[in-house]
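Reader: I have just opened this model and would like some help in reading it. May I ask a few short questions?
Author: Please do.

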Amino acid sequence: MLEVLTQVLAKNALITAFAFVGILVWVSYLLSDKLTRGHVHGSAIAIAIGLLLAYVGGKVTGGTKGVADFSLLAGVGVMGGAMFRDFAIVATAFGAHLDELKKAGIVGALSIVIGVVLSFTIGAIVAVAFGYKDAVSISTIGAGAATYIVGPVTGTALGASSDIIALSVAAGLTKSVLVMVGTPLVAARIQLDNPYSAMIYGGLMGTTSGVAAGLAATDPKLVPYGAMTATFYTGVGCLLAPSVLFLIVRAIV
Amino acid sequence: MVIYGVALLSFCMLVGMFVGDVLGNLIGVQANVGGVGIAMLLLIFLSNLNDHRLQLGAPTEFGINFWSAMYIPIVVAMAAKQNVIAALSSGWMAIIAGVAAVVASFMLIPVIARFGGRRDA
């Protein structure tokens with residue numbers, strides 16, 4: 001019996017993932033209601049539990065894909081993969097207002113460039129503080145502080161060693177996880193409550209997954225605005241980090 | 001028909017991804033430059049166009065809104081498949097770099113929002 005059940009669940013991986021996430025979300029909203037009386041949003045709890053389960057999954061299986069490394073939950077990897085994520089993000093744009101977008105146009109674009117340069121600079125300073133002296137390593141770690149995609153892209157372009165690239169990915173992952181968890185907590189203090197600041201937020205943070213989850217847990221209505229600018233961030237980062245920013249670092253060290 | 005909505009959404013995403021990849025190639029970076037953003041702009045443009053000229057049917061809208069509503073569950077699944085161990089276990093430098101970047105970026109949001117000259121709070 002149990003064997004048949006396992007087979008059914010594994011064979012229908014994506015469907016199993018839908019059921020699994022459904023239960024996870026249900027439990028999260030229950031916790032939100034009963035434990036916090038709705039103060040902490042259910043989706044924020046669901047994302048936090050998701051991250052926690054990903055940690056457990058990584059510990060137990062030794063893999064790199066969180067719970068998706070359990071063969072029964074492999075479908076979670078598909079459901080939470082880039083294809084469905086991007087599809088759903090695009091769908092959230094339906095019903096967004098053109099006027100709101102126009103209002104933030106130039107400032108939104110500016111925030112992307114400022115965001116990339118700011119994160120890169122801070123990552124580079126931390127790298128220097130930890131004793132890195134060559135421009136390639138410093139730039140790769142700086143790029144990782146932008147996003148975990150900009151890091152490896154820059155590192156590969158500049159010919160950084162693989163442990164430096166791994167470090168840059170870790171810096172980017174830390175950023176993404178922290179943005180997911182931290183956004184709903186600081187939203188009120190940083191006035192993240194309207195489409196305009198959501199676009200600036202997306203441009204400054206840049207991690208699409210972090211921004212997407214952070215805004216979903218703060219106010220789902222803001223998702224399309226933040227996601228819109230965030231999706232340009234990685235592209236701008238991949239453009240600036242291995243070129244202009246690297247040259248500046250090399251000129252300084 | 002529901003499929004019209006889903007197909008419209010797919011069309012927007014595929015066009016966006018294509019343009020994003022072409023842009024990436026033109027600039028010479030191995031990445032999709034703003035593909036999702038372009039897809040979103042296209043969808044917004046098309047849906048606003050329809051407001052004025054032809055109306056999308058309710059089932060068609062449902063095909064898009066369904067995926068929009070699936071967004072949070074998908075993000076939950078995405079969180080559950082992250083390599084959290086790697087983020088936590090590769091030493092203080094990566095963590096400090098990530099945390100410092102986030103804190104600084106958070107602090108800059110109200111500054112830029114004000115600098116942008118938003119009148120109503």
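Reader: To begin, where is A:Gln191 found?
Author: A:Gln191 is found in the loop between α9 and α10 of chain A. Helices here are DSSP runs (H or I, at least four residues), strands are runs of E of at least two, and both are numbered from the N terminus.

Reader: Before we go on, how should I read the numbering, and what kind of model is this?
Author: Residues are numbered from 1 along each chain as its sequence is written, while chains are lettered from A and ligands numbered from 1 in the order in which they are written. This is a predicted model, in which local features need pLDDT of at least 70, side-chain atom pairs count only at pLDDT 80 or more, and totals for chains, interfaces and linings use all residues.

Reader: What is the mean pLDDT of chain A?
Author: The mean pLDDT of chain A is 86, and 97% of its residues reach 70 or more. pLDDT is the predictor's confidence in each residue, from 0 to 100. Among the elements of chain A, helix α8 (residues 150-158) has the lowest mean, 81, and α4(A) has the highest, 94.

Reader: Back to A:Gln191: is it buried, exposed or partly exposed?
Author: A:Gln191 counts as partly exposed because it has 17 C-beta neighbours inside 10 Å. A residue is buried if 20 or more other C-beta atoms lie within 10 Å of its own, exposed if 12 or fewer, and partly exposed in between, with C-beta atoms placed from the backbone. The phi of A:Gln191 is near 55°, a positive value in a residue other than glycine.

Reader: Where else is there a positive phi?
Author: A:Arg37, just after α2(A), takes a positive phi of about 45°. Most residues other than glycine have a negative phi.

Reader: Which residues of α2(A) are buried?
Author: They are A:Ala17, A:Phe20, A:Val21, A:Leu24, A:Val25 and A:Ser28. Their cover includes α3 (42-61) and α4 (74-79) of chain A, together with α4 (71-80) of chain B.

Reader: What span should α2 of chain A have?
Author: Helix α2 (residues 13-35) of chain A has 23 residues and should span 33 Å at 1.5 Å a residue; its end C-alpha atoms are 32 Å apart, which agrees. The expected span is 1.5 Å times one less than the number of residues.

Reader: And A:Leu73, where does that lie?
Author: A:Leu73 lies in the loop between α3 and α4 of chain A. It counts as buried because it has 25 C-beta neighbours inside 10 Å. Leaving aside neighbours within four places in sequence, A:Leu73 is in contact with A:Ala17, A:Phe20, A:Val67 and A:Ala68. Two residues are in contact if their C-beta atoms, placed from the backbone, lie within 7 Å.

Reader: How many residues of helix α11 of chain A are buried?
Author: Eleven of the eleven residues of α11 (residues 208-218) are buried. Among the elements of chain A that cover them are α5 (82-92) and α10 (195-205), and α4 of chain B also takes part.

Reader: How many residues does each chain give to the contact between them?
Author: The contact takes 89 residues from chain A and 62 residues from chain B. Helix α9 (residues 162-186) gives the most to the side of chain A, with 15 residues. That side divides into 62 nonpolar, 22 polar and five charged residues. Ala, Val, Leu, Ile, Met, Phe, Trp, Tyr, Cys and Pro count as nonpolar, Asp, Glu, Lys and Arg as charged, and the others, Gly among them, as polar.

Reader: How many residues has the largest nonpolar core?
Author: The largest nonpolar core has 125 residues, and those with the most contacts inside it include A:Ile47, A:Ile141 and B:Leu9. Helix α12 (residues 223-252) of chain A supplies its largest share, 15 residues. Such a core is a set of buried Ala, Val, Leu, Ile, Met, Phe, Trp, Tyr and Cys residues joined through C-beta atoms within 7 Å.

Reader: Lastly, how many helices has chain B?
Author: Chain B has six helices and zero strands. Buried residues make up 42% of its 121 residues.
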